[in-house]
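Colleague: I would like a close look at one part of this model. Please pick a single strand and work outward from there.

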Amino acid sequence: MSTNHHLHSMTSQKHLFDIPPDIHYLNGAFMSPLMKSVSESGMEGMRRKLHPWAIHSEDFFTQAEAVKEKFGRLVNSPAQQIAIIPSASYGLKSAVNNIPVNTGNHVVVVSNDFPSDYYTIRAWCQINKKEMKVIDAPDILNGRGAAWTEKIVNAISTDTNAIILSTIHWTDGTKFNLKEIGEKCKATNTLFIADGTQSVGAIPIDVTDFHLDALVCAAYKWLMGPYSIGVAYYSKAFSNGTPIEDSWMNRSNANDFTKLTRYVDDYKPGAARYNVGEFSNPILLSMLDRALQQLHDWKIDAIQNYCSQLIQPLLLYLKENGYWYEQDQFRANHLFGFLLPASIDKDLLLRALQKNKVFVSVRGDGIRVSPHVYNDESNINALINTLKQQR
Ligand SMILES: Cc1ncc(COP(=O)(O)O)c(C=O)c1O
């Protein structure tokens, strides 16, 4: 049992969701189920336009400001450095578009990273004729997480323009040592661009402590929000960058609707220029705001801790029966992959999981399990029992 569980412990929050007892949903990394309260907030947001006469010009900004503040508080950033984005790919493009070209000749990525990350940086490398150094996972099972971070750190030099990676590996939950990577980036003047989609909300991430320059998150997984909205942090390194679009809403004069055609050259401060057009979607923002509030009420370390305690019996079973998973120190507890022993037929296992209504994902070579506070031990037991049936 985790030593700090007395700090913020919690019990199953299943009652806040709409999950039947025979469904064993261990797949938050695919997408989280909506909380009933978040669904309700979305309905309220939708109904707002029934009465447009009750919508005021400041409503185009205030709800987004509240979301930025709550997300900023989650990752230790001022609200001003946060932008509202429609997807991780969009937020990543804003960052990558503004990587200085003259600070090096290569970028660093990790192998099998999420395609939105990979394609975005590959396009930049092709246009700017830079090398893409792909850092493979070390071919060892013991000490793999530590060795992988070391390979990444060693690949970063004063000749590196940027590194881009998912804060935990999206297939197997490998936790990279972000602080070590961030310190190397700082020492070598390398931009550190991270995709937090699979971690922010479920595991503590601190943009200041890790020296992150950008942290981009889709909201529909661990931020417990709806699809087609996300949030991103951009450090001051991006404060003079070029946005993808030229929305009127991001300009310094946007709040006074009577003077919008007194065109200006400047933007609102911080990361505001990277907000997507029409970012003040009342449905999506209402939902995300409610979800972020719930995350703050739960506390992120309590969520991670809850997941850790929940999976202990599963980890024990896996360890005693020849499955591989990453060691505790380099593995997230809300998302992790395990490899099957040779004796287990993967297709038969997947069929049995489906039959028993145990929802997990196949990613890379392994099975990815991603629990959350809506799970309890009955769900973990259903997975263990299905594995037991396979012997
Ligand atoms: C690491 C990571 N980033 C981003 C996403 C979603 O990307 P996008 O918002 O570009 O569709 C996913 C979805 O699985 C993911 O695992």
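Modeller: Start with strand β7 and the directions in which its residues point. Ala214, Val216 and Ala218 point one way from β7, while Leu215 and Cys217 point the other way, and all are buried. Keep in mind that this is a predicted model. The strand covers residues 214–218, and five of its five residues are buried, so β7 is largely enclosed by the rest of the structure. A residue counts as buried here if 20 or more other C-beta atoms lie within 10 Å of its own.

Now look at the strands beside it. Strands of a sheet pair through backbone hydrogen bonds, either parallel or antiparallel. β7 has a case of each. Strand β6, residues 191–195, runs parallel to β7, and three bridges join them. Strand β8, residues 230–234, pairs with β7 in the antiparallel sense, over five bridges. Alanine 214 is a good place to see both pairings. Isoleucine 193 has alanine 214 as its bridge partner in β7. Alanine 214 also stands opposite tyrosine 234 in β8.

Step back to the whole sheet. It is open, has seven strands and follows the order β2-β8-β7-β6-β5-β3-β4, with mixed pairing. The edges are β2 (82–85) and β4 (131–135); each has a single partner strand, so one side of each is left without a neighbour in the sheet. From one strand to the next, the twist averages 20°. At the β2 edge, the partner is β8: the two pair in the antiparallel sense over four bridges. There, isoleucine 84 has valine 231 of β8 as its bridge partner.

Helices pack on this sheet. Helix α3, residues 88–96, touches β2, β6, β7 and β8, and its direction makes about 165° with that of β7. Helix α5, residues 144–155, also packs on the sheet; it touches β3 (106–110) and β4, and its direction makes about 160° with that of β4.

Next come the helix pairs. Two packed helices are described by the angle between their axes and the distance between the axes. Take α1 (residues 36–47) and α7 (residues 282–298). They pack at about 150°, with axes 7 Å apart. Angles over 145 degrees count as roughly antiparallel, and α1 and α7 are therefore roughly antiparallel to each other. Their crossing is right-handed. On the α1 side, the contact includes Ser37, Val38, Ser41 and Glu44; on the α7 side, it includes Ile283, Leu285, Met287 and Arg290. By class, this contact has seven nonpolar, five polar and two charged residues.

Then take α8 (residues 300–320) and α10 (residues 377–388). Their axes come within 8 Å and cross at roughly 10°. That makes α8 roughly parallel to α10. This crossing, too, is right-handed. Leu310, Ile311, Pro313, Leu314 and Tyr317 of α8 meet Glu377, Ile380, Leu383, Ile384 and Leu387 of α10. These residues divide into nine nonpolar, no polar and one charged.

One last stop is a loop. Threonine 261 lies between β8 and α7. It has 7 C-beta neighbours inside 10 Å, so threonine 261 counts as exposed. Tryptophan 248 is 13 residues from threonine 261 in sequence; their C-alpha atoms are 9.7 Å apart in space. Compare that with β7, where five of five residues are buried.

Note on methods
Residues are numbered from 1 along each chain as its sequence is written. This is a predicted model: local features need pLDDT of at least 70, side-chain atom pairs count only at pLDDT 80 or more; totals for chains, interfaces and linings use all residues. Axes are lines fitted to C-alpha atoms, for helices over the stretch in contact, and angles run from 0 to 180 degrees between N-to-C directions. Angles under 35 degrees count as roughly parallel, over 145 as roughly antiparallel, 65 to 115 as roughly perpendicular and the rest as oblique. A crossing is left-handed if the near helix is turned anticlockwise from the far one by less than a right angle, and right-handed if clockwise. Two residues are in contact if their C-beta atoms, placed from the backbone, lie within 7 Å. Ala, Val, Leu, Ile, Met, Phe, Trp, Tyr, Cys and Pro count as nonpolar, Asp, Glu, Lys and Arg as charged, and the others, Gly among them, as polar. A residue is buried if 20 or more other C-beta atoms lie within 10 Å of its own, exposed if 12 or fewer, and partly exposed in between; C-beta atoms are placed from the backbone. Two strands pair if DSSP finds at least two bridges between them.
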